[in-house]
Amino acid sequence: MYSVRMRAAEGGPHEQGGFHISGGETLVPKALLEETARTLIQKALKHSRGDADFIQLTIEKVAEEELLRLAPLAVSTVAVKSVEEGRLQAGEYLQRFGVSEKAIAIGMNLLQSSSNLRGAVVLNARSGERLDHRGMRGVRATRMGWSREGYVRWSAMYPELASPRIAEALVLATKVAHAPFLVAELCWSDDPEYVTGYVSNREKGYVRITHLKEKGDMNGGRIFFVSDDSELESFIAYLEQKSVLLL
Ligand code: WAQ
Ligand code: MG
Ligand code: MG
Ligand code: MG
């Protein structure tokens, strides 16, 4: 298998101040490499956040025996009528998952004021303290994807969910939910037209919430809430290096 990842920015590379447009990662067999590269380049070029002038594509071989195979998290959807109701619901779920009110407030404030975040922010689930020191780069989960059989089976069972965006987010949330020290994840997109987000963890699965921001808003991102006893280095090493294939 090969890990393929893309990041795109406008106004130069991210590290030189470019505005984040799009990112993506997947794990595919050799036979699908070229098709996958084309899809990721199209994703970068046809993006609602802007006109990318920097696109980086990275391809790395992954040893078959290093793959961790996981079943996708169970998906549920909570329909809400407004952003206020959506964020209230997200907060209630996160509290049930073990995140403190204070950490939830800090996480939501970060997402609603971040328009150029490329990865996730890691917060202590009790104190809300930010644990990674990566600024707008954040921590990116990589080396993950659907097995072909897994995707065929899942999309036949849940045809109403089978969009590339949801399938991609479910891979990420499933990998993240199995990370050591992970308590819960909160996500909404930074794409202006996409307002559905989710909260997730290993026990309760992937809970979609239909409105977590207003249309037109370019703020968004991901928060990984972790436990008090977290060893940050092994948490990040799992996210960046462990290869995960969904079954
Ligand atoms: N690792 C960590 N953080 C990431 C990654 C990654 N691999 N990819 C994206 N992010 C962060 C980054 O800050 C992005 O700006 C932010 O998440 C949003 O990414 O209906 O489309 O790809 O069930 O815009 C979720 C709901 C959609 C789907 C999420 O996010 C549904 C989405 P986007
Ligand atoms: Mg993106
Ligand atoms: Mg994405
Ligand atoms: Mg985006």
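1. At 7% relative accessibility, D191 is classed as buried, a class that means under 20% relative accessible area, with exposed over 50% and partly exposed in between (1.4 Å probe, protein chains only). D190 is likewise buried, at a relative accessible area of 12%. The model is a predicted one, in which local features need pLDDT of at least 70 and side-chain atom pairs count only at pLDDT 80 or more, while totals for chains, interfaces and linings use all residues. Residues are numbered from 1 along each chain as its sequence is written, chains are lettered from A and ligands numbered from 1 in the order in which they are written, and side-chain values use heavy atoms, with hydrogens and water left out.

2. D190 (OD) and D191 (OD) are the protein donors of the magnesium ion (ligand 4), lying 2.1 to 2.2 Å from it. Donors here are N, O and S atoms within 2.8 Å of the metal (3.2 Å for Na, K and Ca); water is not among the atoms, so sites may look incomplete. A distance of 2.8 Å separates the magnesium ion (ligand 4) from the magnesium ion (ligand 2).

3. Ligand 1 has 23 residues around it, of which G119, R165, S189, Y194 and Y206 come nearest; a residue is included if one of its heavy atoms lies within 4 Å of the molecule. Polar side-chain atoms of three residues may be listed against an oxygen atom of ligand 1: that of Y194 lies 2.5 Å away, that of R165 2.6 Å away, and that of D191 3.2 Å away.

4. R165 and Y194 are also paired with one another: the charged end of R165 sits over the ring of Y194, 4.1 Å from its centre. This description requires NZ of Lys or CZ of Arg within 6 Å of the ring centre and within 35 degrees of the ring normal. K175 is placed in a like manner over the face of Y238, at 5.5 Å from the ring centre.

5. Seven aromatic pairs are counted, where rings of Phe, Tyr and Trp (its six-membered ring) pair if their centres lie within 6.5 Å; planes under 30 degrees apart are stacked, over 60 edge-to-face and the rest tilted. Y151 and W154 form a tilted pair, because their ring centres are 6.1 Å apart and their planes stand at 40°. These two residues are three apart in helix α4 (residues 148-157), so about one helical turn separates Y151 from W154. Y151 is partly exposed, at 25% relative accessible area, whereas W154 is buried, at 5%.

6. The rings of F224 and F235 are edge-to-face, because their planes are at 85°, with centres 6.3 Å apart. The pair links distant parts of the chain, eleven residues apart: F224 belongs to strand β11 (residues 221-226) and F235 to helix α6 (residues 232-241). Helices (H or I, at least four residues) and strands (E, at least two) are DSSP runs, numbered from the N terminus. Both F224 and F235 are buried.

7. Where does R126 lie? R126 is in the loop between β6 (120-124) and β7 (144-146), and is exposed, with a relative accessible area of 53%. Leaving aside residues up to four places away in sequence, R126 touches S100, A103 and D228, contact meaning heavy atoms within 4.5 Å. The side chains of R126 and D228 are joined by a polar contact of 2.6 Å, that is, a pair of N or O atoms within 3.5 Å; within protein, one must be able to donate a hydrogen and the other to accept it, and residues adjacent in sequence count only if both atoms are side-chain atoms.
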